[in-house]
Every structure is written in structure tokens, then in C-alpha cells.
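Please go through the structure below and say, for each term used, what justifies the term.

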Amino acid sequence: MTSKVIPVLPFDMVIFGSTGDLSQRKLLPALFRRDASGQMPEQARIIGLSRLDYNQEQFREFALNALNKFIPAAELKPEIVERFLNRLHHLHNDVTKPDGWDGLRDLLNEYPDRIRMYYLSVGPSLFGTIAQGLAHVGLNGPNDRLVVEKPLGHDLASAQKLNHEITTAFNEQRIYRIDHYLGKETVQNLMALRFANALFEPLWNASAVDHVQITAAETIGVGTRGGYYDTSGAMRDMVQNHLIQLLCLMAMEAPYAFNADAVRDEKLKVLRSLRPIKGQEVQRNTVRAQYLARGEDPSYVEEAGNPDSHTETYVAIKAEIDNWRWAGVPFYLRTGKRLRSRLTEIVVTFKEPAHSVFPNTPLQCNKLIIRLQPDEGLQLNIMTKDPGPGGFRLRTTTLDMTYAEGLGPDWRMPDAYERLLMDVVRGDQTLFMRGDEVEAAWRWIDPILNAWEDSNIAPSTYESGSEGPIAALELMARDGRRWREMVV
Ligand code: NAP
């Protein structure tokens, strides 16, 4: 079974930073797969742009290497690879220099009616420069779309500055801020689950839900990226964007329609309802930590090359949403590197039944587990009778739907970038963040980061390969709750 493919309109896509890591690992493979699926129109062109003086042939060879590295050989059918490579062009241009923009405009104006997307796969310090450069040569009209990626700022002030730089060149309706989590099938399915089923909505509130846990755990450390990571940390890298986006989708009201502004308005309301965590509460409701060395694997501070680093590789937060639906229902967020398992999941723990008619058998709360990684799917834990004679015993049974199984053997879970890139061509901003959303998330995060910085208390530590620091267990234990074990 494969998904239905709806071809998109002819487009030209310019990848600024086409020779970089993101382009090789994600963008070129995603575009190839969309081509292979038949979604890409015959005329579509992909124009790589970097300072490397590649000619067309050299860029095609570079792209072929990327496909060979990041796509299984069985998918690389020679005729499709050839068709894809023929779409590729390369321009060498230093975007900080004034020359070069005319050449890009002339190339794009060979087909003036096409959709054009500009993917800024370069460092964020160049976002404003590129947006202004495009606007300067008139490439910011109704058919022009600007795509930017995290990090969208370092704090509220820098996010506002960035938003200002790009929105003075491009209308907000033409800006696509990618959070690739939103392109994941399960995340979109979260909206289907909530808003296309009558089953869950009556239970999706404080009267039935005890608490929600959102976990994004990685097994790898920062490795050679230690220097860069030390200026960022788990809060900026994971919580401000991915985890908060998941929280919004879990907590938001039903939008009046499934369109970009209706969905984003509802997410924004959640962000504005997040109770600020400030001053003393930061100590009580958040945990930050760094991983320790294990065997041959160095500790975080060794990898960062900074023995005094206070940058966190782990964060846990107890978030509360001050609105009618969620009053008194904590949302516990945690993310970290070098943890026991690689998994991303959301767990909704429901309240205990109001009264138990099985006095000698402890009841387990029902749990709905929404897995995003590694195997996308849903699980529902329910109480059932333990089969057999000899008394009436209860046990927890898991109703399990792994999408890969439910959708048949030929199903391939599309990469989030495949979906998102084609949404840009279609002009659908529903799965992209609006500027005010990004700023609202920073507005909530900033006081926590500031309090950490001001406190001068070193982060806690945790064993590599563990489930995180003791302080995170205590954060839950204080409320009489426990994190779900990190098992895949
Ligand atoms: P990267 O490997 O350092 O690549 C940067 C690219 O930008 C290179 O192609 C580089 O090519 C080009 N470039 C740099 N300065 C330029 C200039 N003045 N004019 C024209 N081109 C220039 O970075 P990356 O890892 O791909 O990341 C790109 C962006 O995506 C960053 O903002 C990053 O934070 C974000 N991001 C990356 C990932 C990922 O998985 N890598 C994930 C999420 C977000 P030349 O040096 O040849 O010019």
C-alpha cells in the first residue's frame, strides 16, 4: 500500500547551502523520493547554491553521492536517478556579496510563472541577508516562498530580530518555518486522532486525564558537534521547538477548520496559556543535567571541550496550562542525549476509575501511548480479566497499532521533509510555525534559561545509558507519579 500521490504544480526550488549536511542528508533524498513517487512535475528544477565553484556535472555527482549514502540501493532505480539528476543545477554565489543575485533572478525568470521556493539551508546569521537579497531582485512576489529551519533565534530578542529581518523582505504568508516534527506522520495523526474521532474528545480534559508525559530521548551524545552544542543546549535545541509543538497539538482546542491560520491560532492560545515558570519555581519545576563519561565515551564537558560548561544535555520540565480544559493536569516534558533508548513518545495517563468493584486487585490507570520514534504507532493500555478459572484477576493488556503493520508490508513511512517540502509547493502553511508562535514559545522559555544562568548552580549529572538524572525522578515523585520506562 502506498499513499496517494497528488502531483504538485511546476516549481523551481533553490537550496541555499546545497553542499551542506542538511541538504545531503535530508533535502536531496526527500526530493528524490518525491520524484520517484511521481509527485514532482516533469519541469521542476532544483537549483543548488553555495560558494563552491561546482559546474552542473560536479553538482550532479555530489548529489548522486548523497543519494547513494542516504537512500537504500533498492530504491535507486537508474531511470529515476537519471531523471532526478537532470533536474539539478548549481550556482556559486557568496550570499554576503552583492553580485550573484541577478544571475539567480535571470535563471528563475526563464519560467516566470512557476512556484519558487528558497530553502535557507545555511546558518541563521545569513537568513536576513538572503531574504533581503531575494527581495532586492524582486524574488519575493506571490509565487515566491521562503523556507527557514531551526534555530529560529537564541532567545526572544534574537527571534524577534530574525522575524523582523525576514518579514521586512517576505510577507508572513510566504514564510515557511520548518519544525520537522510537524511533518512526521504520527504528529499529523495526532490531529486525526483528536479531531476525526468522537471517542477521545470527551476524555481529553482535566476530568479524565491525570497527566501527560512527552519524551524525546536519544542514545547518542554530541560527539564532534560539542563546540556548537555548547552554545545551544537541550532547551533551545529540542524543547523550545519540537517538544512545545507536541504539547500544543496535544492541548489545543479543535480549530474551526483544518487550515493554516485556524490551526496556528489554536496552538498560539496554548502557548499563551502556559503558566510562566519564574524565579524559585524554576528550581522546583525544571531539571537540567549533563551526561557523564561511560567506558570509552567521554563526558559531555569533555566533548564540549569546556570543563566549566553549564550547558544542559538533558531537560525535564513540569508545565501547566492555565485554561479550563487542562487546569490541574501537568504536562511533563523531558529530553536528553546519551539516554537508555532512542524514543519519542507522548503518554496520556487517564485517571483511576471513580470506584473499584475489585477491591483486592490494584487497578492500573489507562494509558494512551503515541509513539513517534522508533516505530510510529499507537498503544492503548486497558485493564482486562486474566484468562482462566480460579478467581477473578485483572491484568493490563495493550492494544497495539504500529503503523507499519497496520498499513501493510509495502508501506514506507515517508520522511517528514518529503511531506513538508511538497506542502511548501502547494502553499499550505498548516504544518509550519508562524512568527508569533515562535516568539510565544521563547517568551515561556526565556525566564527558565535566565534563571538557570543567574543561579550559578551547576547542572545535575546522569549516567550515560541511564534514564536521566535522579532529580528528574524526584520531579515526578513529588507529585506521586513516575516517568514511563524508556523501553522500545
Ligand atoms: P552546513 O553543513 O555547515 O552547510 C552550510 C551550507 O551553507 C554549505 O553548503 C555552505 O557551502 C553554505 N554557505 C555558507 N556560507 C555561505 C555563503 N556566504 N554563501 C553561500 N553559501 C554559503 O550546515 P547544515 O548542517 O547543512 O545546516 C544548515 C542549516 O540548517 C543551519 O541553519 C542548521 O542550523 C539548520 N539545521 C540543520 C540540520 C542538520 O541536520 N544538519 C537540522 C536542523 C536544522 P559553502 O561553504 O560551499 O559555501
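Q: What makes the approach of G20 to the ligand a polar contact?
A: A backbone N or O atom of G20 lies 3.0 Å from an oxygen atom of the ligand, and a polar contact is a pair of N or O atoms within 3.5 Å, so the pair of G20 qualifies. A backbone N or O atom of R51 lies 2.8 Å from a ligand oxygen, and for a polar backbone atom of G17 the distance is 3.3 Å. The protein covers 74% of the 880 Å² of accessible area that the ligand has on its own (Shrake-Rupley method, 1.4 Å probe). This is a predicted model, in which local features need pLDDT of at least 70, side-chain atom pairs count only at pLDDT 80 or more, and totals for chains, interfaces and linings use all residues. Residues are numbered from 1 along each chain as its sequence is written, and side-chain values use heavy atoms, without hydrogens and water.

Q: Why are α9 and α10 called roughly perpendicular?
A: The axes of α9 (residues 234-251) and α10 (residues 260-273) cross at roughly 105 degrees and come within 9 Å; angles of 65 to 115 degrees count as roughly perpendicular, and the two helices are therefore described that way.

Q: Which residues of α9 and α10 make the contact?
A: With contact meaning heavy atoms within 4.5 Å, α9 contributes I244, Q245, L247, C248, L249 and A251, and α10 contributes K267, V270 and L271.

Technical notes:
Polar contact = N/O pair within 3.5 Å; in protein donor to acceptor, adjacent residues only side chain to side chain. Axes fitted to C-alpha atoms, helices over the stretch in contact; angles between N-to-C directions. Helix = DSSP H or I, 4+ residues; strand = E, 2+ residues; numbered from the N terminus. Parallel < 35°, antiparallel > 145°, perpendicular 65-115°, else oblique.
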